[in-house]
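Please open the structure in your viewer and keep the selection panel at hand. The tour proceeds stop by stop, with a selection to make at each one.

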Number of protein chains: 2
Amino acid sequence: MNLDTCDDATHERILNAAEKLFAQHGHDGTTLREITKAAGVNLAAVNYHFGSKQALYTEVFQRVIRPINERRLAILADAEQLAGDQPVPLRAIVDSFIRPVFEMARGRPPFLLLMSRNFSAPPAFMHEVMGREFGKVAQRYLQVLQTSLPHLSPAEVFWRMFYVTGSMLFVAAHSQSIERLSQGLCRSDDPDASIRRLIDFAVAGLGAPKTPVA
Amino acid sequence: MNLDTCDDATHERILNAAEKLFAQHGHDGTTLREITKAAGVNLAAVNYHFGSKQALYTEVFQRVIRPINERRLAILADAEQLAGDQPVPLRAIVDSFIRPVFEMARGRPPFLLLMSRNFSAPPAFMHEVMGREFGKVAQRYLQVLQTSLPHLSPAEVFWRMFYVTGSMLFVAAHSQSIERLSQGLCRSDDPDASIRRLIDFAVAGLGAPKTPVA
DNA sequence: GTCTATAACACGATAGAC
DNA sequence: GTCTATCGTGTTATAGAC
């Protein structure tokens, strides 16, 4: 409440264990007993440090989403400055949106599942948090995309960005299982290629000709 | 076990209530008490008719996914026949993949959420079922797509179909909340337009130029 | 096939000693 | 700040009467 006691190992251990377990089994599928056991701390520690299971879950998610969104906006601002008076290239916009997610996941793959869970099927108590975190960056991206895709209506831009988000989250959710699902066809051992492939797809989809009104 | 007693109202009432509640709150977030109460049947009826909560969940999902996959393959076969010796038009392939999902959802929107949940973050005991249901149609679509997208490797085709699936499921998951999320910008009151918009995006993404090898 | 009653257990949260 | 012990509640599943 006052100064953060950043040397509190228990606090961090709980967050790390919870991130992994919440990602793999969801909020309802994970118990505080499992978390505290994995973290090697006492059962009562969660309620002492976080107050409740829901508060812990919220903190776990905010700890991962906030740096990502900050980095997104930072890269986007750079791209905007680089473009000067011109519209920001579509590919640069998409890159700034997608890349931070997968870069944050380096070495901690379960985190991608956590992202996916929270945006695709968040627990009910997270709706408010998700709306806030989602809306913040959405507004910014819509603004930038609109100048790079002037032939599309704002609604059209929103829909398409929604699709891109869905593609990204679905890949994120299955980053660990894609090799099995594709029966060895798809490899997940080249993160750079994975990101580039997804960006290629997203840029093409976003830039598709306007749907003619029926 | 022997002949299906198709006039068993209790069986159906449980399935319908379970579909709605599982879709909204997930497997772990739904209790048998809630389901039986919503269905207006006795608590013990679930175990009598289905054996366990997991068996009920499996049955709920298979009841929705199987007709969809059958319809997909039927439409795809028609398109193939219509195309004769020529490759099936990309748009026809995508249409056959996406349209049955949203048509099945007419009048029962929670069903879309169920789809999304099961493919994006299925409960652990569903992994085998999902792999089976996914693999079945995936193989067929990969084969057809390969002839329509000969410039892409099989792996590339799989990845892109994965992205399309993600877009579709994300829209499905938020079909009820997109108006709120977009602050009124996007409307969900024209299902035909929604399907067409998604197909436009998917076709453009699938048909994107091949990613140059770095 | 439907019901009541309950077994058997797991859950989140907390009180209170250290 | 950490621990043990436990409270109160809710869970799935089932036994057994009707």
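Begin by selecting B:His27, which is found in the loop that connects α1 (9-25) and α2 of chain B. The model on display is a predicted one. Is B:His27 buried or exposed? Its relative accessible area is 10%, and B:His27 therefore counts as buried, since the limit for that class is under 20%. To see what surrounds this side chain, display B:Phe22, B:Lys53, B:Gln54, B:Tyr57, B:Pro123 and B:Phe125; B:His27 touches each of these, residues up to four places away in sequence being left out.

One of those partners, B:Lys53, leads to the nucleic acid. Select the backbone of B:Lys53 together with DNA strand D: a polar backbone atom of this residue is 2.9 Å from a phosphate oxygen of the strand. On the side of chain A, two further residues deserve selection. A:Tyr48 places a polar side-chain atom 2.5 Å from a phosphate oxygen of DNA strand D, and A:Asn42 has a polar side-chain atom 3.2 Å from a phosphate oxygen of that strand. Which elements give two or more residues to the surface near DNA strand D? They are α3 (45-50) of chain A and α2 (32-39) of chain B.

Now widen the selection to everything around DNA strand D. The strand is surrounded by 14 residues, and the closest are A:Thr10, A:Asn42, A:Tyr48, B:Thr31 and B:Arg33. Of the atoms of DNA strand D that come within 4 Å of the protein, 56% belong to sugar and phosphate.

Turn next to DNA strand C. Here too, 14 residues surround the strand, the closest being A:Thr31, A:Leu32, A:Lys53, B:Thr10 and B:Asn42. At least two residues of the surface near DNA strand C come from each of α2 (32-39) of chain A and α3 (45-50) of chain B. Sugar or phosphate accounts for 59% of the atoms of DNA strand C within 4 Å of the protein, and bases supply the rest.

Three side chains may be picked out at DNA strand C. Select A:Arg33 for a contact with a base: an N or O atom of its side chain is 3.1 Å from a base nitrogen of the strand. Then select B:Tyr48, where an N or O atom in the side chain is 3.1 Å from a phosphate oxygen of DNA strand C. B:Asn42 likewise has a polar side-chain atom 3.2 Å from a phosphate oxygen of DNA strand C.

Leave the DNA and select B:Asn69, in helix α4 (residues 53-83) of chain B. With a relative accessible area of 3%, B:Asn69 is buried. Beyond its neighbours within four places in sequence, B:Asn69 is in contact with B:Glu133 and B:Val137. Measure across to B:Glu133 in the viewer: the two residues are 64 apart along the chain, and their C-alpha atoms are separated by 8.3 Å.

For the final stop, show chain A as a whole. Chain A has 10 helices and zero strands, and its C-alpha trace spans about 60 × 50 × 35 Å along the principal axes. Of its 214 residues, 52% count as buried. Among contacts in chain A between residues at least 6 apart in sequence, 75% join residues at least 24 apart. With a surface display turned on, chain A shows an accessible area of about 10,100 Å², 54% of which belongs to carbon and sulfur atoms. Colouring by charge picks out 23 positive and 22 negative charges in chain A, whose mean positions are 5 Å apart.

Key: Residues are numbered from 1 along each chain as its sequence is written. Chains are lettered from A and ligands numbered from 1 in the order in which they are written. This is a predicted model: local features need pLDDT of at least 70, side-chain atom pairs count only at pLDDT 80 or more; totals for chains, interfaces and linings use all residues. Side-chain values use heavy atoms; hydrogens and water are left out. Helices (H or I, at least four residues) and strands (E, at least two) are DSSP runs, numbered from the N terminus. Buried means under 20% relative accessible area, exposed over 50%, partly exposed in between (1.4 Å probe, protein chains only). Contact means heavy atoms within 4.5 Å. Accessible areas come from the Shrake-Rupley method with a 1.4 Å probe; for residues, only the protein chains shown count as cover. Lys and Arg count as positive and Asp and Glu as negative; His and the chain ends are not counted. The place of a charge is taken as NZ of Lys, CZ of Arg, CG of Asp or CD of Glu. A residue is near a molecule or strand if one of its heavy atoms lies within 4 Å of it. A polar contact is a pair of N or O atoms within 3.5 Å; within protein, one must be able to donate a hydrogen and the other to accept it, and residues adjacent in sequence count only if both atoms are side-chain atoms.
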